[in-house]
Amino acid sequence: MAITLVETHQSFKGEQRKYRHHSDVLNCEMDFSLYLPLASEHQPTSLIWWLSGLTCTDNNFSQKSGFQKAASENDVAVVIPDTSPRGESVADDDSYDLGKGASFYVNATQAPWSEHYQMYRYLTEELPEVVHALIPDFSGKESIMGHSMGGHGAMMIGLKQADRFKSISAFAPILTPTQVPWGEKAFTAYLGKDKNTWLEWDSTHLIKQADVVPPILITQGTNDQFYKEQLEEATFMEAAKGKAVQYRLENGHDHSYFTIATFIEEHIQFHMNHLNEK
């Protein structure tokens, strides 16, 4: 597969890179960003995945969160995929919460979305092979985190692939997408009207059914304008009883990247504690 290095920037003791490649799964050109620390003399390099929220690209987290300092200090690589397929031939919608920038990280089954919107397969089958090959001395250890729609994606993918990820974390995640307006709209479009087909993409359903769950950390701001309607946690926390889930309400914090920047070091350290386990 041909991969093009689009740009690179030195950041702390590492490089923030942007790549472009053709995705066979999504049938379009895709960008992703990758932070690579300098090769460590002490241990192989592990990988954290970051999934972004509605309307974002791979640029938002790389340019606004300030994660690079913590990643450099911990000798960990961080990959940031785009949030959806892109290109003139890719189906889209006029609203911000459907179409480009709003894939919800599922495999769409309904036309016109199904031709390109196979994001779960892209993130679990195709892109890992590309990214792993770019990391010198890759340890084989991975964790996953995300924000809002990407928090839903990180939780859902982490729970569906619990044997792959050492830990999961999320900022303001959509925890029960089958029961909130954002999820209901997207799932109806991408998956059809049969709500039984939605459940495999719902973290609350997944954690309730799971025998093995990686350690989970969730940060939610009390001043988040979407909190009560879209990001309600009570249903998820009831389903997660007995599982290793830390849910932290942070007073005064909102849905923005200011909140992510405030707590990103804590999240990266949480992942490192599990990635470094023997």
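**Exercise 1.** In which loop, between which strand and which helix, does Pro112 lie?

*Solution.* In this predicted model, begin with the elements on either side: Pro112 belongs to the loop that runs between strand S5 (76–81) and helix H3 (119–134). Next, inspect the peptide bond between Ala111 and Pro112, which is cis, with omega at about 0°.

**Exercise 2.** Find where Tyr105 and Asp137 are placed, examine the phi of each, and decide whether each residue is buried or exposed.

*Solution.* Take Tyr105 to start with: its place is in the loop between S5 and H3, and its phi is positive, about 60°, although the residue is not a glycine. With a relative accessibility of 0%, Tyr105 falls under the 20% cut-off and therefore counts as buried. Turn then to Asp137, which is found in the loop between H3 and strand S6 (138–147) and has a positive phi near 55°, again in a residue other than glycine. Because its relative accessibility is 53%, over the 50% cut-off, Asp137 counts as exposed.

**Exercise 3.** Describe the largest nonpolar core, and trace the contacts of Ile207.

*Solution.* The largest nonpolar core holds 67 residues, and those with the most contacts inside it are Trp49, Phe104, Leu123, Val131, Tyr190, Ile207 and Ile216. Helix H3 gives the most to this core, contributing seven residues. Apart from this core lies another, of 20 residues, which include Tyr35, Trp50, Ala71 and Met145. As a last step, consider Ile207: leaving aside residues up to four places away in sequence, Ile207 touches Leu159, Val213, Ile216, Phe236, Ala239, Ala240, Lys243 and Val245.

Note on methods:
Residues numbered from 1 in each chain as written. Predicted model: local features only at pLDDT ≥ 70, side-chain atom pairs only at ≥ 80, totals over all residues. Heavy atoms only, no water. Helix = DSSP H or I, 4+ residues; strand = E, 2+ residues; numbered from the N terminus. Buried < 20%, exposed > 50% of the residue type's maximum accessible area, 1.4 Å probe, protein only. Core = buried A, V, L, I, M, F, W, Y, C linked by side-chain atoms within 4.5 Å. Contact = heavy atoms within 4.5 Å.
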